[in-house]
Amino acid sequence: MNYKSDKDLGLVLCSHCSKVSTIDVKICPRCNSKLKQRDEYSLLKTLSFSIIAIIFLVPANLLPMMYVTTLGVIEANTIFDGIVYFFQTKSYLIAFVIFVASIAVPIFKLAVLLYLLYITKYNKIELARNATRYYRIIKFIGKWSMLDIFVVALMIVMVQFENLSNISAGLAAVAFTIVVVMTMLATESFDTRQLWDKD
């Protein structure tokens, strides 16, 4: 690919307001943000947050997401148990939402983050355009990542309101929250400008 990046032209892009300035300008004249041509620790921060998210993804899916107490009997349910339960009770939409928010989205986000790190580390510039699109996708869906926690919280409120049984959140909820936060931090710390760097 034949192009010149901001590094080649001696320019710097403000990551807050997108104003382009010369490299000698340290403070954005439009929004007063600190200007950096590249975040030198971007890859390290993204990799670290991604590894933590991968570690916590395992207990998030294996440990109980919630405990259901009915007539003194306590039943522990994992995320997958919840999907199967809602599918068997023909609540297909809820089962689909939990599957997408709890399993598909976190795995997809982590796969994309590792893909971005691979492209940046090994200067696969020919893949930079698609990688940028993937980055925008995971950044967009990041705001919906806590949907599963909201579903559990909603179920707790509904069941408590009906006074038929009791539901409490399990350790998987904590692990899942850590996964969501870490993937969001990994996404935010990734500097997409590095995808286009030739060196």
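**Helix α2 and its surroundings**

Student: In which helix does Ser42 lie?

Tutor: This is a predicted model, in which local features need pLDDT of at least 70, side-chain atom pairs count only at pLDDT 80 or more, and totals for chains, interfaces and linings use all residues. Residues are numbered from 1 along each chain as its sequence is written, and side-chain values use heavy atoms, leaving out hydrogens and water. Helices (H or I, at least four residues) and strands (E, at least two) are DSSP runs, numbered from the N terminus. Residues 42-62 form the helix that holds Ser42, namely α2.

Student: Is Ser42 buried or exposed?

Tutor: Buried means under 20% relative accessible area, exposed over 50%, and partly exposed in between (1.4 Å probe, protein chains only). The relative accessible area of Ser42 is 0%, so Ser42 is buried.

Student: Which residues does Asp39 touch, not counting residues up to four places away in sequence?

Tutor: Asp39 lies in the loop between β2 (20-22) and α2, and at 14% relative accessibility it counts as buried. Contact means heavy atoms within 4.5 Å. With residues up to four places away in sequence left out, Asp39 touches Lys45, Ser189, Asp191, Arg193 and Gln194.

Student: How far apart are the end C-alpha atoms of α2?

Tutor: The expected span of a helix is 1.5 Å times one less than its number of residues. α2 has 21 residues, so it should span 30 Å. The model agrees with this, as the end C-alpha atoms are separated by 31 Å.

Student: Why is there no bond between the sulfurs of Cys28 and Cys17?

Tutor: A disulfide is a pair of cysteine sulfur atoms within 2.5 Å. Cys17 has the cysteine sulfur closest to that of Cys28, but it is too far for a bond, at 3.4 Å.

Student: Which helix gives the most residues to the nonpolar patch?

Tutor: Patches are made of residues with over 30% relative accessible area and no salt bridge (a side-chain nitrogen of Lys or Arg within 4 Å of a carboxyl oxygen of Asp or Glu); like charges are joined within 9 Å, and nonpolar side chains (Val, Leu, Ile, Met, Phe, Trp, Tyr) within 5 Å. Leu47, Ile51, Ile54, Ile55 and Leu114 form this surface patch, with about 410 Å² of accessible area together (Shrake-Rupley method, 1.4 Å probe; for residues, only the protein chains shown count as cover). Leu114 is found in α4. The most, 4 residues, comes from α2.
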